[in-house]
Amino acid sequence: MKYFTPELFVRLNSGDNAIARRAESEWEKAAARYRTCFRRIGPELPEELRRFCTELNPHDAEIIGLTKRGAPSLRRRSAELFARQRNKLLILTYSLAEKPTMEMPLESSVFYNEQPIWLYDEVAVVRPGVLSHEILISNGYVYKFVFKEFEYDEFQIVHPVRERTRATA
């Protein structure tokens, strides 16, 4: 990750207020630089990826899991990332140009091993026609997908609710 690095995230969550304040200023500058970069690369992004990045904010979504397989609709080796955000299931499908990576660049008590949560992500152009999507996860891992095509689906999660009846006396 170039802008929202795990190191910066750790400093942002420091118990030392001076470190956290400096990191907050760095974070705001990084966010502004990323927005500028995103506007510049926007025309190179597939429409569905651009729509995902601008209309859907997966911050704080629960990461359910990752699968790697062949996706018939993309006609290539693919990876699917499953996440749940409130009452929606999100499925991100990447037509891979490279094997996805999951790395933990540093260890810190800021990261936790309970239900992994989507913290921040960045999209970049690797070379013409090849993109990357990096996601910082609450357990300290960074997922990186290098891909040629992207699809996402949202599904409403419906839980049946039994109607309550009032007891009569």
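**Exercise 1.** State which elements each supply at least two residues of the lining of the largest pocket.

*Solution.* Helix H2 (17-41), helix H3 (47-55) and strand S5 (118-127) each do so. Helices (H or I, at least four residues) and strands (E, at least two) are DSSP runs, numbered from the N terminus. H2 gives the most, with 6 residues.

The model is predicted: local features need pLDDT of at least 70, side-chain atom pairs count only at pLDDT 80 or more, and totals for chains, interfaces and linings use all residues. Residues are numbered from 1 along each chain as its sequence is written, and side-chain values use heavy atoms, with hydrogens and water left out.

**Exercise 2.** Describe the lining of the largest pocket by class.

*Solution.* The lining has 12 nonpolar, 3 polar and 3 charged residues. Here Ala, Val, Leu, Ile, Met, Phe, Trp, Tyr, Cys and Pro count as nonpolar, Asp, Glu, Lys and Arg as charged, and the others, Gly among them, as polar.

**Exercise 3.** Classify the aromatic pair of tyrosine 34 and phenylalanine 38, and place both residues in the structure.

*Solution.* Step one: rings of Phe, Tyr and Trp (its six-membered ring) pair if their centres lie within 6.5 Å; planes under 30 degrees apart count as stacked, over 60 as edge-to-face and the rest as tilted. Step two: the centres are 6.2 Å apart with 40° between the planes, so the pair is tilted. Step three: the two residues are 4 residues apart in helix H2, which means about one helical turn separates them. Step four: tyrosine 34 is buried (under 20% relative accessible area, 1.4 Å probe, protein chains only), at 12%. Phenylalanine 38 is also buried, at 13%.

Methods. Buried means under 20% relative accessible area, exposed over 50%, partly exposed in between (1.4 Å probe, protein chains only).
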